[in-house]
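Please open the model in a viewer and keep the selection tool at hand. The stops below are meant to be followed in order.

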Amino acid sequence: MKRNAVGTIGVIFMAVATAAPITAMVGNVPIAVGAGNGSHAPAGYIVATVVLGLFAVGYATMAKHITTTGAFYGYISHGLGRIIGMASGGLITMAYVVFEPSLIGIFSFFFQNLMQSQLGIHVHWIIPALLMLTANAILTYFDVNLTAKVLGVFLVTEIVMLALGAVAVLVHGGGPDGFAVSETLNPAGAFTPAAGIAGASAGLGLFFAFWSWVGFESTAMYGEESRDPKRIIPRATMLSVLGVGVFYVFVSWMAIAGTGPQKSVELAQSADTASEIFFGPVRGYYGEWAITVFNILLVTGSFACGMAFHNCASRYLYALGREGLSKGLQRTLGATHPKHGSPHIASFVQTGIALVIILAFLFAGMDPYVHMYSLLAILGTMAILIVQSLCAFSVISYFHLRKNHPVSKHWFKTLVAPGLGGIGMLYVVWLLWEHKDAAAGTASGTLLFKLTPWIVVGLFVFGAALATYFKLRDPRRYDLIGRIVFEDTVIRD
């Protein structure tokens, strides 16, 4: 990988881009409001910020000692052993692989809507899907710094747009009920279903809050390409988690306060009016032109998110390929471009896999948003939450059971924080399982949805079985699992 390619800001841009702030807010908050914890959705984001912040404390401490493109794969292999590490590596790779076509689905949906509303032109969704897939393949072929710059531009514009709407509400003293602090920010409300809404579940609201962060942990993937990774990666991780958390709480709070708590719940009951929780205040303060900009940024924001996930998937494929478990994979997936230092072959393989998935949904006659986005996002999210939980517990094992690096062993940073974070992650996995039908919506009756748990379990078992085979039949290869790291012995506290 190319050394010293990106700094702290670049790593943060790529990590936060995977969270897609504008898509997370406009897409997830209305669902949380209408079918989850109602006007207390911002309180759900407070809870998520605390839990993920605890997880990030241990994750960042681990990053001071282990720098590897494999991130979760490497961390879990060192903390919980090679068998669980290989099982987790296969699972997390699958998650990032399917996230790209998932985001291509929602990008195509937003692109279609934009062309129809602004130009009156109907475009079949496969056209923007293939355009985005091609753009991802081209941009990620080059130096990672190019990707960071492109993502940075898109990310800054969507953050500015969300902030403009929120600040306008703040400056004008809130909405019809003022800032409605007690109806929006009381943490206890995060665990209370929306009042008067049949079937509302606080758990669903909390799940969508946590879903809004998926991808923040990708900071560690860029350690080998960053300047001073032992310092940059821990810092970028904490800034990404806490910065995104504060921003999400503020934006969702101002949107609901600006619309009015009760009216927000009413608007969220229909897919046709749900986005008005955000669009209404923005239109009122800035005019219709701002809604047009909002719709454009939904397109660019989902594109940035998909490209960031393409980078993540490519690096996990590269990390698994380069270890020497297979000489053929080491020469192909495990190769980097001689000039750009990018995992170019792994990137093209990811493009090929994504193309097959997209064409499968096309020929099955499925919708890019209802089916491709929703089903693949649920599959990837289930996998990534399980691996996040294992990673939290691997921090405890690495420092306290295996007694590595006593200088960094700490009762809070490496024990209490990751322990609570891991338990919180398991709780979110349970939330997803309990509310998977609601999260999938009308796509819940499809075969892919029914197979999702089996795909996750099957990949995990396959990875564990493969590692066990190497342990029994080829100890030399077994010793390689999760052990390729960037050699830098300087640890900065």
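Three cavities of 30 Å³ or more are found when the whole structure, a predicted model, is searched. Begin with the largest cavity, which holds about 80 Å³ of space. To locate this cavity, select Gly-165, Ala-166, Ala-255, Phe-278 and Val-282, which lie nearest its centre among the 13 residues of the lining. Next, colour helix H7 (144–171), helix H10 (229–259) and helix H12 (276–286), each of which supplies at least two residues of that lining. Helix H7 provides the largest share, five residues.

Remain for a moment on Phe-278. Leaving aside residues up to four places away in sequence, Phe-278 touches Met-25, Val-26, Val-29, Pro-30, Val-251 and Ala-255. Phe-278 also belongs to the largest nonpolar core, a set of 149 residues, where it is one of those that touch the most other members. The others to select with it are Phe-72, Tyr-96, Phe-207, Trp-213, Tyr-248 and Ile-384. Which helix gives the most to this core? It is H16, with 18 residues.

Within helix H16, select Thr-381. Is Thr-381 buried or exposed? Its relative accessibility is 1%, so Thr-381 counts as buried. Around Thr-381, show Phe-99, Phe-207, Trp-211, Val-214 and Leu-432, which it touches when residues up to four places away in sequence are not counted.

Now return to helix H7 and select Ala-163. Ala-163 has a relative accessible area of 22% and is therefore partly exposed. Add Leu-54 and draw a distance between the two C-alpha atoms: Ala-163 and Leu-54 are 26 Å apart in space and 109 residues apart in sequence.

The next stop is helix H4, residues 72–80. Eight of its nine residues are buried, so H4 is largely enclosed by the rest of the structure. The buried residues to select are Phe-72, Tyr-73, Gly-74, Tyr-75, Ile-76, Ser-77, His-78 and Gly-79. What covers the buried residues of H4? The cover includes helix H3 (41–63), H5, helix H13 (288–321) and H16. Just after H4 comes Gly-81, which has a positive phi near 105°.

Proceed to helix H19, residues 447–473. This helix has 27 residues and spans 37 Å from its first C-alpha to its last, close to the expected 39 Å. Where is the kink in H19 centred? Select Pro-453, the centre of a kink of about 35°. Pro-453 is also among the buried residues of H19, together with Phe-449, Thr-452, Val-456, Gly-463, Ala-464, Ala-467 and Phe-470. The buried residues of H19 pack against helix H5 (82–119), helix H16 (368–401), helix H17 (412–434), helix H18 (436–440) and helix H20 (475–478).

Finish at the second largest pocket, with a volume of about 400 Å³. Its lining consists of 19 residues, and those closest to its centre are Met-86, Gly-90, Leu-320, Phe-462 and Leu-466. Colour H5, H13 and H19, the elements that give two or more residues to this lining. The most comes from H5, with six residues.

Conventions. Residues numbered from 1 in each chain as written. Predicted model: local features only at pLDDT ≥ 70, side-chain atom pairs only at ≥ 80, totals over all residues. Heavy atoms only, no water. Helix = DSSP H or I, 4+ residues; strand = E, 2+ residues; numbered from the N terminus. Expected span 1.5 Å × (residues − 1). Bend = angle between axes of the 7 residues up to and from the residue. Buried < 20%, exposed > 50% of the residue type's maximum accessible area, 1.4 Å probe, protein only. Contact = heavy atoms within 4.5 Å. Core = buried A, V, L, I, M, F, W, Y, C linked by side-chain atoms within 4.5 Å. 1 Å grid on protein atoms, 1.4 Å probe; cavity = no way out; pocket = protein on both sides within 12 Å on 5 of 7 lines; lining within 4 Å. Points joined across faces, edges and corners; volume = space filled by probe spheres on them.
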